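Open the model in your viewer and keep the selection panel handy. We will go from the whole chain to a few chosen spots, one selection at a time.

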Amino acid sequence: MKFIHAADLHLDSPFLGLRDEAMPESLETIIRQSTFESAKQIFTDAIDQQVDFVLLAGDLFDRNEQSVAAKYFLDQQLQRLNEVNIPVLIIFGNHDYYAGDIEQLGFPANTFVFGNQVETHQLTLTSGETVAISGFSFANQWVRERMINDYPQRQAVDWHLGMLHGSAEGIHSTEGVYAPFSITELQAKNYDYWALGHIHLRQSLDEEETINYAGNTQGRHINESGPKGYLLVESKQHQLQSSFHATATIDWQRYLIRATGVTSTELINQIFAELSEQKFKQLQLIRIEIAADTLNDEQIAEINSGQLLTVLQQQNQTIWQQYHFWVTSIKLTEVTNQLNDTIDGRFFTEAEADIFTETQYKELLQPFAKYQFVAAEILNDDSEQQIHNFATQTLVTHIKNEGAAD
Ligand SMILES: [Mn+2]
């Protein structure tokens with residue numbers, strides 16, 4: 001038996017937070033196409049590798065109002081596999097929940113979509129082996145029940161696999177808690193493999209690596225960096241072995257700079273010199289992080305006002321195709337040390353603990369959070385840290401200027 005396990009394709013993700021005036025149109029197109037390109041490679045590999053079947057564990061679409069582009073794309077890809085008789089099994093997740101008639105989706109004959117209750121679909125492989133696959137699709141965005149309770153015990157087949165889009169307890173993630181389960185509950189079913197979806201960071205939950213989150217297929221922001229793709233699962237003497245295959249066309253990364261010059265021109269030149277030296281093979285979307293203690297006040301002000309980024313990106317427009325990188329943002333890091341130097345550190349720490357609470361932060365941003373694309377940008381750990389850094393830096397600048405006036 002050989003199959004592909006992929007999840008969280010998020011086809012046609014809009015990459016809303018990324019667009020700015022400076023970004024060249026051709027780059028924007030590449031980014032916009034990236035979720036499609038990665039998915040297409042997975043289907044191509046399925047054909048080339050002659051897998052027995054493909055499991056797609058939820059969030060195929062980025063949102064439940066599926067774009068025509070995403071639907072058209074998926075239809076085409078399913079059709080490619082239909083032509084070579086490779087079955088595709090789909091569950092829908094919290095982003096692409098579906099409660100309608102599955103027939104209405106118009107998928108080709110090779111495609112099986114699980115309904116909103118846990119059900120088991122059986123396949124017989126060309127080798128004669130029998131495979132049972134249990135799963136369910138989200139009917140709405142908010143499935144909070146322990147759906148794991150409805151999964152049957154292992155059946156009398158050669159292989160029994162589970163597909164589940166949901167949250168493993170004890171795993172930290174920024175994705176919400178849906179259809180929760182424990183590893184013990186999964187193991188109690190005695191299945192041979194669990195194809196999980198929902199958490200975008202690829203990981204195995206057991207030592208044998210048969211309970212896996214495949215992770216998403218294309219990183220969509222700085223917190224989804226690193227290689228993204230699918231798991232190829234193969235049987236060797238009735239043991240299953242999974243291996244990761246990268247398909248994403250774009251990667252994200254933080255790049256730390258310690259400034260060596262004193263002017264903004266020197267800083268910009270340094271950033272380009274260091275990034276060009278990396279000789280990236282794949283397109284990188286880069287967040288520059290500059291150690292604040294290596295900068296002077298003027299440079300800090302030029303970064304905070306966004307001026308440095310604007311000039312940097314204008315330059316970046318002319319070389320991104322040659323060096324395969326685009327700088328999306330510039331942030332300051334290591335700012336608290338400076339603050340401790342300037343005022344009583346203990347006093348600041350106490351005030352900080354009162355003000356920078358998660359509750360305060362969420363309350364402050366709540367009015368904006370009703371727009372889903374805004375919520376996705378601001379209500380995560382990372383932006384909280386950014387705002388924190390920015391506020392700290394602003395405070396440092398103010399205090400320093402106060403001191404200078406005396
Ligand atoms: Mn997802």
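Among contacts between residues at least 6 apart in sequence, 70% join residues at least 24 apart. Keep in mind as you look around that this is a predicted model. Show the chain as a cartoon and you can trace 11 helices and 15 strands. Now switch on the surface: the accessible area comes to about 19500 Å², and carbon and sulfur atoms account for 49% of that. Of the 406 residues in the chain, 50% are buried.

**Stop 1: the metal site**

Select the manganese ion together with Asp8, His10, Asp59 and His200, its protein donors. The aspartates contribute OD atoms and the histidines NE2, at 2.1 to 2.4 Å from the ion. If you like sequence patterns, the donor spacing reads D-x1-H-x48-D-x140-H. His10 sits in the loop between β1 (2–6) and α1 (25–48), while Asp59 belongs to the loop between β2 (53–57) and α2 (68–83), so this pair ties together parts 49 residues apart in sequence.

Are these two donors buried or exposed? His10 has 0% relative accessibility and therefore counts as buried. Asp59 is buried too, with a relative accessible area of 1%.

**Stop 2: the largest nonpolar core**

Next, select Ile4, Val54, Leu56 and Ile90, the residues with the most contacts inside the largest nonpolar core, which has 29 residues. To see where this core comes from, colour β1, α1, β2, α2, β3 (88–91) and β11 (229–236): each supplies at least two of its residues.

Zoom in on Ile4 and show what surrounds this residue. Beyond its neighbours within four places in sequence, Ile4 is in contact with Ile42, Asp45, Ala46, Val51, Phe53, Val54, Leu55, Tyr230, Leu231 and Leu232.

Then move to a second, separate core of 24 residues, whose members include Ile257, Leu275, Ile300 and Ile319.

**Stop 3: helix α5**

Stay with Ile300 and select helix α5, residues 297–304. Which residues of this helix are buried? They are Gln299, Ile300 and Ile303. Look down the helix axis: these residues cover an arc of only 100 degrees, so they lie on the same side of α5.

For a last selection, pick Gly306, just after α5, and check the backbone: its phi is positive, at about 85 degrees.

Terms used
Residues numbered from 1 in each chain as written. Predicted model: local features only at pLDDT ≥ 70, side-chain atom pairs only at ≥ 80, totals over all residues. Heavy atoms only, no water. Donors = N, O, S within 2.8 Å, 3.2 Å for Na, K, Ca; no water. Helix = DSSP H or I, 4+ residues; strand = E, 2+ residues; numbered from the N terminus. Buried < 20%, exposed > 50% of the residue type's maximum accessible area, 1.4 Å probe, protein only. Arc of directions from axis to C-beta. Core = buried A, V, L, I, M, F, W, Y, C linked by side-chain atoms within 4.5 Å. Contact = heavy atoms within 4.5 Å. Areas by Shrake-Rupley, 256 points an atom, 1.4 Å probe, with all protein chains shown as cover.
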